[in-house]
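Biologist: Could we go through this structure together, beginning with the ligand and then turning to the protein interior?

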Amino acid sequence: MGLSLRNKFFIPTFLLFFVFFLEQCSNKSEQQSAEKIVGDSASCTKKPVNPNGDSELSVLMRTMLHSSESMKELIKKGDLPKEFPEAFLKIHSAKPTDSETKKASFDGFANNYIDNLHALYNSPKADLTKHYNALITACANCHTDHCPGPLKAINKLKI
Ligand code: HEC
């Protein structure tokens, strides 16, 4: 019996390619579902892929999402992150993906978000959940007007 030299070479190479191919596929679907959870800002801009990389506002928003997730867990225990998130005050000046992304109403929504953030940090312990949910509503209000893609992820932040 015995495989010819060509088959000895061909079969392992073929298997290697096959494994590589499967890997690529599963990576891709993982990536896609991760994007779906966050709901990226492609839904707020006309460009499906941003050729200039992530905007300053996108990066800030993702930080806001992740810090709200950990804030939610603390609030459920009746606590609050110790440090006031100064970085979030940059929401007014952070550059969006597209110059048209920020509409005239943006600053009003941003002020409302920041007012709610201050209210949360000044809140008595008993009202933390109420103020936290109002803060998430402020995220959702701006998104309803500007960028509905991430609304599903935002609404999951409510307690
Ligand atoms: C004042 C309006 C406003 C508020 C308030 C706001 N967002 Fe956003 N958000 C935007 C805009 C506009 C974009 C699109 C950014 C871009 O395309 O550069 C965005 C993008 C996002 C994205 C997608 C980021 C990406 O590109 O991957 C997420 C997630 C997000 N916001 C979550 C939140 C959360 C969570 C909050 C509250 C803690 C919040 N947003 C509050 C306007 C707002």
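**The ligand and the core**

Modeller: Let us begin with Ser55: an N or O atom in the side chain of Ser55 is 2.6 Å from an oxygen atom of the ligand. Please keep in mind that this is a predicted model.

Biologist: How far is an N or O atom in the side chain of Arg62 from an oxygen atom of the ligand?

Modeller: For Arg62, that distance is 2.7 Å. Thr97 also has a polar side-chain atom 2.7 Å from an oxygen atom of the ligand.

Biologist: Which elements give two or more residues to the shell around the ligand?

Modeller: They are α2 (56-76), α3 (106-121) and α4 (128-146). The largest share comes from α2, with seven residues.

Biologist: How many residues surround the ligand, and which are the closest?

Modeller: There are 28 residues around the ligand, and the closest are Ser55, Met61, Cys139, Cys142 and His143. By class, the shell has 18 nonpolar, nine polar and one charged residues.

Biologist: Turning to the interior, which residues have the most contacts inside the largest nonpolar core?

Modeller: Those are Leu60, Met71, Ile91, Tyr113, Leu117, Leu120 and Tyr132, in a core of 28 residues. At least two residues of this core come from each of α2, α3, α4 and α5 (151-155).

Biologist: Which element supplies the largest share of this core?

Modeller: That is α4, which supplies eight residues.

Biologist: What is Leu117 in contact with, leaving aside its neighbours within four places in sequence?

Modeller: Leu117 is then in contact with Phe84, Pro85, Phe88 and Leu135.

Notes. Residues are numbered from 1 along each chain as its sequence is written. This is a predicted model: local features need pLDDT of at least 70, side-chain atom pairs count only at pLDDT 80 or more; totals for chains, interfaces and linings use all residues. Side-chain values use heavy atoms; hydrogens and water are left out. A residue is near a molecule or strand if one of its heavy atoms lies within 4 Å of it. A polar contact is a pair of N or O atoms within 3.5 Å; within protein, one must be able to donate a hydrogen and the other to accept it, and residues adjacent in sequence count only if both atoms are side-chain atoms. Helices (H or I, at least four residues) and strands (E, at least two) are DSSP runs, numbered from the N terminus. Ala, Val, Leu, Ile, Met, Phe, Trp, Tyr, Cys and Pro count as nonpolar, Asp, Glu, Lys and Arg as charged, and the others, Gly among them, as polar. A nonpolar core is a set of buried Ala, Val, Leu, Ile, Met, Phe, Trp, Tyr and Cys residues joined through side-chain atoms within 4.5 Å. Buried means under 20% relative accessible area, exposed over 50%, partly exposed in between (1.4 Å probe, protein chains only). Contact means heavy atoms within 4.5 Å.
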